[in-house]
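Colleague: I am new to this structure, and I would like a close look at a single strand and its surroundings. Please start with its partners and work outward from there.

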Amino acid sequence: MAPTSHSISDKQYIVIITHSVYFTEAPCEIKTPLKDLETMEGETITLVLEITKPRSVKWFRGKDEIGDSDHFKIDVDSTSLRHTITVKDITLEESTTFTVKIDDLEYGIIDASCNVNVIRM
């Protein structure tokens, strides 16, 4: 609304009327899910997850949280919608479920998983 001007005696007052409007944001959704894959021991793999809203995510191998390292490269694009993890020189012991946990604010945690099968060379 535009401000309304009112005069009282010789003083000028501006009255601004505002309204409180609350919007409920839709929950984040998975646009491109993680995909199961099979790879040879020693190879490099990349898992890709795309979501519809910028959210923070955590990666897990089995039940263990994964941090960025020489072995695991975690990346987020400039929009914060495309999340990737690259595993270099993958080992047989890494034949497991990889999970990403998305913090969807007031909606809670969204889980997405895939199975990685590593076969001996």
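Modeller: Let's start with a pairing: strand β3, residues 30-32, runs antiparallel to β5, and two bridges join them. Strands here are DSSP runs of E with at least two residues, helices are runs of H or I with at least four residues, and both are numbered from the N terminus. Two strands count as paired if DSSP finds at least two bridges between them. Within this pairing, T32 has E50 of β5 as its bridge partner.

Before going on, please keep in mind that this is a predicted model, where local features need pLDDT of at least 70, side-chain atom pairs count only at pLDDT 80 or more, and totals for chains, interfaces and linings use all residues. Residues are numbered from 1 along each chain as its sequence is written, and side-chain values use heavy atoms, with hydrogens and water left out.

Now back to β5 and its other partner. Strand β9, residues 82-87, also pairs with β5 in the antiparallel sense, here over six bridges. In β9, T86 is the residue that stands opposite T46.

The side chains of β5 are worth a look too. In a regular strand, side chains alternate between the two faces of the sheet. Strand β5 spans residues 45-51, and I45, L47, L49 and I51 make up its covered face. T46, V48 and E50 belong to the uncovered face. So E50, the bridge partner of T32, and T46, which stands opposite T86, are both on the uncovered face.

What touches the covered face? Two residues of strand β4 help here. L37 is found in β4 and touches both I45 and L47, along with N115, V116 and N117, leaving aside residues up to four places away in sequence. A contact of this kind means heavy atoms within 4.5 Å. With a relative accessible area of 23%, L37 is partly exposed; buried means under 20%, exposed over 50%, and partly exposed in between, with a 1.4 Å probe and protein chains only. L37 is 58 residues from S95 in sequence, while their C-alpha atoms are 10.0 Å apart in space.

T39 also has its place in β4. Its contacts, again not counting residues up to four places away in sequence, are I45, I90, N117, V118 and I119. T39 counts as buried because its relative accessibility is 10%. I45 of the covered face is thus touched by T39 as well as by L37.

Following β4 outward brings us to an open sheet of five strands, in the order β4-β11-β10-β6-β7 and with mixed pairing. β4 (37-40) and β7 (64-66) stand at its edges with a single partner strand each, so one side of each is left without a neighbour in the sheet. Inside this sheet, β10 (residues 96-103) and β11 are antiparallel partners over eight bridges, and D103 has I109 of β11 as its bridge partner.

The loop that follows β5 has a story of its own. K53 forms a salt bridge with E25, and their closest N and O atoms are 3.7 Å apart. A salt bridge is a side-chain nitrogen of Lys or Arg within 4 Å of a carboxyl oxygen of Asp or Glu. This pair links distant parts of the chain, 28 residues apart: E25 sits in the loop between β2 (11-15) and β3, and K53 in the loop between β5 and β6 (57-61). K53 counts as buried at 18% relative accessibility, whereas E25, at 35%, is partly exposed.

A little further along the chain, R61 and E94 form a salt bridge with their closest N and O atoms 2.9 Å apart. R61 lies in β6 and E94 in the loop between β9 and β10, so the pair ties together parts that are 33 residues apart in sequence. E94 is buried, with a relative accessible area of 2%, while R61 is partly exposed at 27%. The total is six salt bridges.

To place all this in the wider picture, the protein has 11 strands and zero helices. Buried residues make up 25% of its 121 residues. Of the contacts with a separation of 6 or more, 58% are between residues 24 or more positions apart.
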